[in-house]
Amino acid sequence: MDATSFLQQLRSQTARSHQLIEQNVSSQLLMSKHVTITHYAHYLKSLYGFVYGFEKMAFPLLKDYEVLQLDDRRKSHLIQADLTMLHHTAAEPYLNEELFNTHYQTTAAVLGGMYVLEGSTLGGQIINKHLATVLGHAIAGKTTYLMAYAGKTGSMWKIFLQLLGEAGTTIDKRDEIIDSAVHTFALLNTCLEIKYQFTEYEN
Amino acid sequence: MYEIQIKNVALAEDDEEDAFLFKAVISELKKDIIVTIAADGNLLMTFLNQATLMPEMIFLDLNMPYKNGFECLSEIRSNETWNSTKIVILSTSSQPQQIENAYKNGADLYLAKPVSYTHFKNMMEQCLNLNWDGLK
């Protein structure tokens, strides 16, 4: 299987997971016309545990892929910066490190996880546009996580996809990347659901 | 052999990380199970009173604000319509007196929360596939 066919297969086999995360009540609220600064801050907090843990525990497995420019892909500090600007308390790295050690043991598994996190930079642009429309100047300069790569979003995505496509041309890695991407979608979905549940409780 | 077809479970748990791990592990073990999380005992009872589809299994943390796990256990067991629901206590405590009290009040199983993710997953896998006859 060539790189293009693999990426098509990856897209198609993760389509349902992608759809589920968009249908998550927290995502729906974020993209609704009723979204508030508080909703947005809680959304950031719900992602932080995963993004931080992934960068800390899984990124090191990709250290030999210099082309990825891993340090430029770290985004958890942007979440904290946005929360500070929003005058919200810092997010907590609330996920068990063993969870990351268990699920991201190989480069293929980490690439599958990165497919989801890097793909979210594309969605981040859309969310940013929506928030700017609904919340206006109140969020100006407070969406650095959503706008992570700003004008470089397209090129960062292409670099990642090229490497991912090449990795997926061997059959053993192909399945592992896809499984890991599906699993990562599920974990992020759970992060959003649980944080939403506990946020409602706090209120 | 008395095994339950689990399609729907609920957890009352006030610790966010524990709630996350529970949901993540269940979703990983059995993708089709509906998992409802209630962040305290009151929210669990509200959910149960309004649920159109009763969970086959309810997991209770013991130390929770507003209404603790023992209070939920008594309330659930005093309602006959919920008799067939299995109740599993998930607690950090392994105190014999507490375990005994849980069983006396109608718990079907008492599990001490393991610290390790892998152990927790193995424990939940066994729990979801349990032969309940063996516990009678």
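How many residue pairs are in polar contact across the interface of chain B and chain A? Keep that in mind as you load the model, which is a predicted one.

**Stop 1: the interface**

Show chains A and B together. The rule finds 6 residue pairs in polar contact across their interface, both residues at pLDDT 80 or more. Now select the side of chain B that touches chain A. Helix H1 (16–29) and helix H5 (117–128) of chain B each supply at least two residues there. H1(B) gives the most, with 8 residues. Colour this side by class: 11 residues are nonpolar, 2 are polar and 8 are charged.

Next, widen the selection to both partners. In contact are 21 residues of chain B and 17 residues of chain A. Between them the two chains bury about 1800 Å². Carbon and sulfur atoms carry 65% of that area. Pick out B:Glu16, B:Phe20 and B:Tyr117 as sticks. These residues supply 41% of the area that chain B buries against chain A, more than any other three residues.

**Stop 2: the salt bridge between chains**

Select A:Glu193 and B:Lys23. Their closest N and O atoms lie 2.2 Å apart, in a salt bridge. The count between chain B and chain A is 1 salt bridge. Over all chains, the structure holds 13.

**Stop 3: a salt bridge within chain B**

Move to B:Asp61 and B:Lys113. Their side chains form a salt bridge, 3.5 Å from N to O. What does this pair link? It links distant parts of the chain, with the two positions 52 residues apart in numbering. B:Asp61 sits in the loop between strand S3 (57–60) and helix H3 (69–77) of chain B. B:Lys113 belongs to the loop between S5 and H5 of chain B.

**Stop 4: strands S4 and S5 of chain B**

Step back along chain B to S5, residues 109–112. Add S4, residues 86–91. Do the two strands of chain B run parallel or antiparallel? They run parallel, joined by 4 bridges. Zoom in on B:Ser91, which stands opposite B:Ala112 in S5(B). Finally, add helix H4 (residues 96–104) of chain B. S4(B), H4 and S5(B) make a right-handed β-α-β unit.

Conventions. Residues are numbered from 1 along each chain as its sequence is written. Chains are lettered from A and ligands numbered from 1 in the order in which they are written. This is a predicted model: local features need pLDDT of at least 70, side-chain atom pairs count only at pLDDT 80 or more; totals for chains, interfaces and linings use all residues. Side-chain values use heavy atoms; hydrogens and water are left out. Two strands pair if DSSP finds at least two bridges between them. A crossover is right-handed if, with the strands pointing away from the viewer, the path from the first strand over the helix to the second runs clockwise. Contact means heavy atoms within 4.5 Å. Buried area is the accessible area (1.4 Å probe) that two parts lose on being put together, summed over both. A salt bridge is a side-chain nitrogen of Lys or Arg within 4 Å of a carboxyl oxygen of Asp or Glu. A polar contact is a pair of N or O atoms within 3.5 Å; within protein, one must be able to donate a hydrogen and the other to accept it, and residues adjacent in sequence count only if both atoms are side-chain atoms. Ala, Val, Leu, Ile, Met, Phe, Trp, Tyr, Cys and Pro count as nonpolar, Asp, Glu, Lys and Arg as charged, and the others, Gly among them, as polar.
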